[in-house]
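User: Please examine the chain shown below and answer some questions about its fold and its interior.

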Amino acid sequence: MTLTLSVLFCAGCASDNVHQPEPDLTPAPQQFEGTVSSAIPIFPNFGPVVSQNYAILTWLNEEQTAINIELGAFDVSVGEIMQMEIEIGTMLIQNVPCQKIGDNSYEFEIEEFACQAGEYYTTGSMAGSLKNNTLEFTVHYHPGSMPFEVETVFSGVVI
């Protein structure tokens with residue numbers, strides 16, 4: 001018995017890797033550790049509440065023109081004025097437009113956002129920058145039905 005083995009070569013098959021998906025060049029999320037400071041601008045005697053916290057910046061595309069920012073949970077204390085403390089849950093502010101302004105430098109701003117922050121439906125605005133692995137931003141927002149605006153500032157470095 002004779003066994004014949006035939007090998008068929010396909011000239012067009014040499015470039016089968018053309019059908020491979022393009023690699024995703026979107027930068028990986030970055031976690032920043034820093035300081036969160038919150039104040040209520042309408043009450044000038046209100047002392048800022050400062051706490052240690054984190055933020056995570058996630059690029060939404062490889063062109064780096066949009067980001068999501070997650071700010072970890074923190075407290076806002078209005079005990080001096082109203083004897084209450086409000087725990088603001090994690091805020092995820094999505095689809096924030098971003099613009100490159102130099103080497104490793106970006107600015108971002110969103111005039112209106114809405115998100116769930118713990119038990120509070122939260123609306124507000126945000127602006128900030130990412131420069132040389134330092135993330136800084138300010139969020140102006142109303143947690144739940146709070147009648148006055150809260151200002152929270154984050155400043156931190158990539159970890």
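**Strand pairing and core**

User: In the hairpin of strand 8 and strand 9, which residue takes a positive phi near 50 degrees?
Analyst: This is a predicted model, in which local features need pLDDT of at least 70, side-chain atom pairs count only at pLDDT 80 or more, and totals for chains, interfaces and linings use all residues. Residues are numbered from 1 along each chain as its sequence is written, and side-chain values use heavy atoms, with hydrogens and water left out. Two residues lie between the strands of this hairpin, strands being DSSP runs of E with at least two residues, numbered from the N terminus. The residue with the positive phi near 50 degrees is Asn 132.

User: How many bridges join strand 8 to strand 9?
Analyst: Strand 8 covers residues 120-131, and strand 9 covers residues 134-143. Two strands pair if DSSP finds at least two bridges between them. Strand 8 and strand 9 run antiparallel, and the number of bridges joining them is ten.

User: Which residue in strand 10 stands opposite His 140?
Analyst: Strand 9 and strand 10 (residues 150-158) run antiparallel and are joined by eight bridges. Their hairpin has six residues between the strands, and Gly 144 in the turn has a positive phi of about 60 degrees. Opposite His 140 stands Glu 151.

User: Which side chains of strand 9 point to the buried face?
Analyst: In a regular strand the side chains alternate between the two faces of the sheet. Along strand 9, Thr 134, Glu 136, Thr 138, His 140 and His 142 point to one face and are not buried, where buried means under 20% relative accessible area with a 1.4 Å probe, protein chains only. The buried side chains, pointing to the other face, are Leu 135, Phe 137, Val 139, Tyr 141 and Pro 143.

User: Which strand gives the most to the largest nonpolar core?
Analyst: A nonpolar core is a set of buried Ala, Val, Leu, Ile, Met, Phe, Trp, Tyr and Cys residues joined through side-chain atoms within 4.5 Å. The largest one has 33 residues, and Met 91, Phe 108, Met 126, Leu 135, Phe 137 and Tyr 141 touch the most other members. With six residues, the strand that gives the most is strand 7 (residues 105-117).

User: Why does Thr 122 count as buried?
Analyst: Thr 122 is in strand 8. Leaving aside neighbours within four places in sequence, Thr 122 is in contact (heavy atoms within 4.5 Å) with residues including Met 91, Phe 113 and Tyr 141. Thr 122 counts as buried because its relative accessibility is 0%.

Key. Buried < 20%, exposed > 50% of the residue type's maximum accessible area, 1.4 Å probe, protein only. Helix = DSSP H or I, 4+ residues; strand = E, 2+ residues; numbered from the N terminus.
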